[in-house]
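Here are two short exercises to work through with the model open. Try each task before reading its solution.

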Amino acid sequence: DLEVLLDLQAGGTGLTGPVSVQAEHLASPLAGSAKELILTGDLTTKGKELVPDSVAFVGAVSLAHGALEDVHKNTVTTALALPDPLDLHSKALQESLSDLLSDFSTGIQIQAAYDVKHSSYTLESSRALVMQTADKSISVHVRPEKSRNWLNLDGSSLTIAGDVEYFDENKNLTLTMQRSQIGYGLKSGDMSLRFHSLLLDEWDVDKRKVDVTLGPTNFAKTSSSGRFSTNGQVRFSGPAFGAELQNATINGAFAGLESKDGWMIRISDSECFDFGIASAELADIRIDPVSARFCAPGGRLFDREKDDKGKVVRTFGELTTQALKLPLRHPSATADMRLQSPSFRWSAGDKIQLTMLAKSMTNSILLPEQDSKKPHSARTGEVISKFTLDNDNSYVDIHLKNILADIADAPIAVSAASWDAEGEVLDTGP
């Protein structure tokens with residue numbers, strides 16, 4: 001259904017006057033659909049022929065139960081895919097955006113122009129936007145910077161700029177971006193995002209919690225590749241890489257490249273970042289608070305390896321630091337481990353493997369009911385420790401060199417050139 005009301009008067013160069021349009025059950029294979037559209041404002045034409053040279057409109061438009069065409073909606077949501085352990089959060093964000101873009105209502109002030117001769121158009125808006133679902137459970141607010149448009153649209157591209165607030169009540173999601181700009185190619189499907197700052201309040205998805213505070217960030221996505229650069233802090237709690245993490249915090253500058261094979265993530269800012277964690281549980285071992293500045297050789301934090309046929313067979317990464325203290329807790333003992341020049345290597349393919357190497361290690365060890373002021377001690381040279389998770393089965397391999405151990409309250413010292421141990425990690429321990 002369509003109802004159009006016009007009150008146009010002839011002028012020196014064309015027609016001008018108020019116009020009102022009300023339409024129901026709209027559908028476009030290029031843009032999408034809407035249950036109702038209402039447009040009111042002033043229309044101006046130029047040209048004295050029956051068909052004008054151009055048409056301009058200034059006014060307001062409201063849309064009820066709108067839905068973006070699937071090809072555009074899928075392009076937007078697909079660009080937000082992230083690797084494990086943030087894959088569940090990116091999937092939840094994709095679902096939230098899909099729900100919003102499948103049934104939304106909004107009203108905006110616009111300025112629009114159509115060039116009849118060249119079949120081109122522009123649409124702009126400088127008044128703040130509020131867009132939400134019918135039940136108001138999902139909403140997005142866009143506030144433009146002073147004297148600037150928040151919306152610019154033409155036949156080839158869409159640009160949204162300003163301060164953005166995104167809220168999803170059902171998913172407990174609150175996200176804000178300051179001085180942001182989102183670009184989308186209507187023909188190419190390319191997408192870009194940049195902002196001055198971003199804040200994601202703590203967000204729990206299937207027992208994985210994450211909160212994010214970022215500074216200046218750039219992101220771009222095409223049909224075949226993607227890239228990003230950012231800096232700031234990410235804090236995560238939950239299962240990741242075979243361990244249970246609590247308040248694992250990363251603070252630094254990162255960059256990434258994506259191809260059809262997945263993401264490669266690099267560390268910038270001198271190839272180092274700050275890391276801290278409240279605790280980590282791996283099998284029956286718990287690691288208490290740890291903090292250090294880690295570096296990645298060559299800046300490679302998240303990379304991939306291919307076979308001769310170009311198929312990705314594993315993802316991998318490595319981190320190093322000058323020294324590290326690890327407070328270890330196990331039902332049979334507790335220990336404060338100090339590592340000199342340690343490196344941590346991880347890989348994930350048909351199995352997950354975590355490997356730790358160090359030039360030397362010292363341990364202060366307490367057994368149950370032992371006097372905390374008189375711990376046992378142990379010192380070693382080179383250390384190699386490997387944890388493997390293969391089809392829900394866990395294995396550990398430990399190799400030590402140049403060992404010297406002192407037994408508390410006893411004139412006993414034990415030394416050995418090397419010591420090796422390996423075995424399966426059961427529910428009762430290694």
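**Exercise 1. Find the disulfide and describe its two ends.**

Step 1: apply the cut-off, a pair of cysteine sulfur atoms within 2.5 Å; the count comes to 1 disulfide.

Step 2: name the pair. Cys272 is joined to Cys295, S to S 1.9 Å, and with 95° about the S-S bond the link is right-handed.

Step 3: place both ends on the chain, taking strands as DSSP runs of E, at least two residues, numbered from the N terminus. Cys272 sits in strand 20 (residues 272–277) and Cys295 in strand 23 (residues 290–295), 23 residues apart, so the pair links distant parts of the chain.

Step 4: check accessibility (buried is under 20% relative accessible area, exposed over 50%, partly exposed in between, with a 1.4 Å probe and protein chains only). Cys272 counts as buried because its value is 10%, while Cys295, at 24%, counts as partly exposed.

A word on the input: this is a predicted model, where local features need pLDDT of at least 70, side-chain atom pairs count only at pLDDT 80 or more, and totals for chains, interfaces and linings use all residues. Residues are numbered from 1 along each chain as its sequence is written, and side-chain values use heavy atoms, with hydrogens and water left out.

**Exercise 2. Work out which strand gives the largest share of the lining of the second largest pocket.**

Step 1: list the strands that each supply at least two lining residues: strand 25 (312–320), strand 28 (343–348) and strand 29 (352–358).

Step 2: pick the top contributor. Strand 25 wins with 4 residues.
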